[in-house]
Amino acid sequence: QVHLEESGGGLVQAGGSLRLSCAASGRTFSTGDMGWFRQAPGKEREFVAGRSWSASIRYYGDSVKGRFLISRDNAKNTMYLQMNNLKPEDTAVYYCAASPRRLTDEVAYWGQGSQVTVSS
């Protein structure tokens with residue numbers, strides 16, 4: 001079992017920045033990916049960003065490319081999502097996710113979710 005503990009999030013004005021963290025514990029993967037999805041009210045859950053643990057592979061959803069950056073600290077089993085130039089349409093609950101494969105293929109574990117609100 002893998003436990004994902006999220007932190008960060010909050011309220012920010014449009015154009016501002018926030019950072020999310022996701023610490024993994026338990027039976028963590030030595031391979032596979034970790035990252036984030038988000039879900040806005042009334043909308044389906046949307047892929048945001050993913051990164052592999054064992055290789056320098058990052059991938060992003062089209063709506064956040066060029067604004068968000070995913071990074072990792074292997075020693076802490078923690079992934080980070082730096083969100084820059086935030087827009088009101090980025091408002092959503094952000095869920096950390098982990099997978100033994102590519103995140104867009106399968107999600108095995110979810111975090112509890114962090115609210116991000118961007119005011120105009």
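The following conversation goes through the main features of a predicted model of a protein chain.

Reader: Let us begin with the basics. How many helices and strands does the protein chain have?

Author: The model is a predicted one. Its protein chain has zero helices and 11 strands. Read from the N terminus, the elements run β-β-β-β-β-β-β-β-β-β-β.

Reader: And why is the chain called as compact as a globular protein of that length?
Author: The radius of gyration is 13 Å, close to the 14 Å that the globule rule gives for 120 residues, so the chain is as compact as a globular protein of that length. Along its principal axes, the C-alpha trace spans about 40 × 25 × 25 Å.

Reader: What share of the residues count as buried?
Author: Of the 120 residues, 45% count as buried. The accessible surface of the chain comes to about 6,000 Å², and carbon and sulfur atoms account for 46% of that surface.

Reader: What about contacts between residues 24 or more positions apart?
Author: Among contacts with a separation of 6 or more, 55% are between residues 24 or more positions apart.

Reader: Turning to the sheets, in what order do the strands of the open sheet lie?
Author: That sheet has four strands in the order β1-β3-β8-β7, with antiparallel pairing. Strands β1 and β7 are its edges, each pairing on one side only. On average, neighbouring strands of the sheet are turned by 20° against each other, direction ignored.

Reader: How many bridges join β3 to β8?
Author: Six bridges join these antiparallel strands. In one of the pairs, Ser-21 has Tyr-80 of β8 as its bridge partner.

Reader: Now strand β9, please. Why is it described as largely enclosed?
Author: Strand β9 covers residues 92–99, and seven of its eight residues are buried, so the rest of the structure largely encloses the strand.

Reader: Which strand pairs with β9 over seven bridges?
Author: That is β4, residues 33–39, and the pairing is antiparallel. Within it, Phe-37 stands opposite Tyr-95 of β9.

Reader: Where else does β9 pair?
Author: Strand β9 is joined to β11 (residues 114–119) by three bridges, and these two run antiparallel. Ala-92 has Val-116 of β11 as its bridge partner, and Tyr-94 has Ser-114. Strand β9 also pairs with β10 (residues 109–110) in the antiparallel sense, over two bridges. There, Ala-98 is partnered with Tyr-109.

Reader: In which sense do β2 and β11 pair, parallel or antiparallel?
Author: Strand β2, residues 10–13, pairs with β11 in the parallel sense over four bridges. Val-12 stands opposite Val-118 in β11.

Reader: Which side chains of β11 are buried?
Author: Ser-114, Val-116 and Val-118 point to one face and are buried. Gln-115, Thr-117 and Ser-119 point to the other face and are not buried. In a regular strand, side chains alternate between the two faces of the sheet.

Reader: Next, the interior. How many residues are in the largest nonpolar core?
Author: There are 28, and those with the most contacts inside the core are Leu-4, Met-34, Trp-36, Leu-81, Met-83 and Tyr-94. Strands β1, β3, β4, β5, β7, β8, β9 and β11 each supply at least two residues of this core. Apart from it lies another core of five residues, among them Phe-37, Phe-47, Ala-97 and Leu-103. In soluble globular proteins, nonpolar side chains tend to be buried together.

Reader: What is Met-34 in contact with?
Author: Leaving aside neighbours within four places in sequence, the contacts of Met-34 include Leu-4, Cys-22, Ala-24, Ile-70, Met-79, Cys-96 and Leu-103. Arg-51 is also one of its contacts.

Reader: Is Arg-51 buried or exposed?
Author: Arg-51, which is found in strand β5, has a relative accessible area of 7%, so it is buried.

Reader: Which residues does Arg-51 touch?
Author: Not counting residues up to four places away in sequence, Arg-51 touches a set including Gly-32, Asp-33, Met-34, Tyr-59, Ile-70, Arg-72 and Met-79.

Reader: How far apart are Arg-51 and Ile-70?
Author: They are 19 residues apart in sequence, and their C-alpha atoms are 6.8 Å apart in space.

Definitions and conventions
Residues are numbered from 1 along each chain as its sequence is written. This is a predicted model: local features need pLDDT of at least 70, side-chain atom pairs count only at pLDDT 80 or more; totals for chains, interfaces and linings use all residues. Side-chain values use heavy atoms; hydrogens and water are left out. Buried means under 20% relative accessible area, exposed over 50%, partly exposed in between (1.4 Å probe, protein chains only). Two strands pair if DSSP finds at least two bridges between them. A nonpolar core is a set of buried Ala, Val, Leu, Ile, Met, Phe, Trp, Tyr and Cys residues joined through side-chain atoms within 4.5 Å. Contact means heavy atoms within 4.5 Å. Axes are lines fitted to C-alpha atoms, for helices over the stretch in contact, and angles run from 0 to 180 degrees between N-to-C directions. The radius of gyration is taken over C-alpha atoms; the globule rule is 2.2 Å times the number of residues to the power 0.38. Accessible areas come from the Shrake-Rupley method with a 1.4 Å probe; for residues, only the protein chains shown count as cover.
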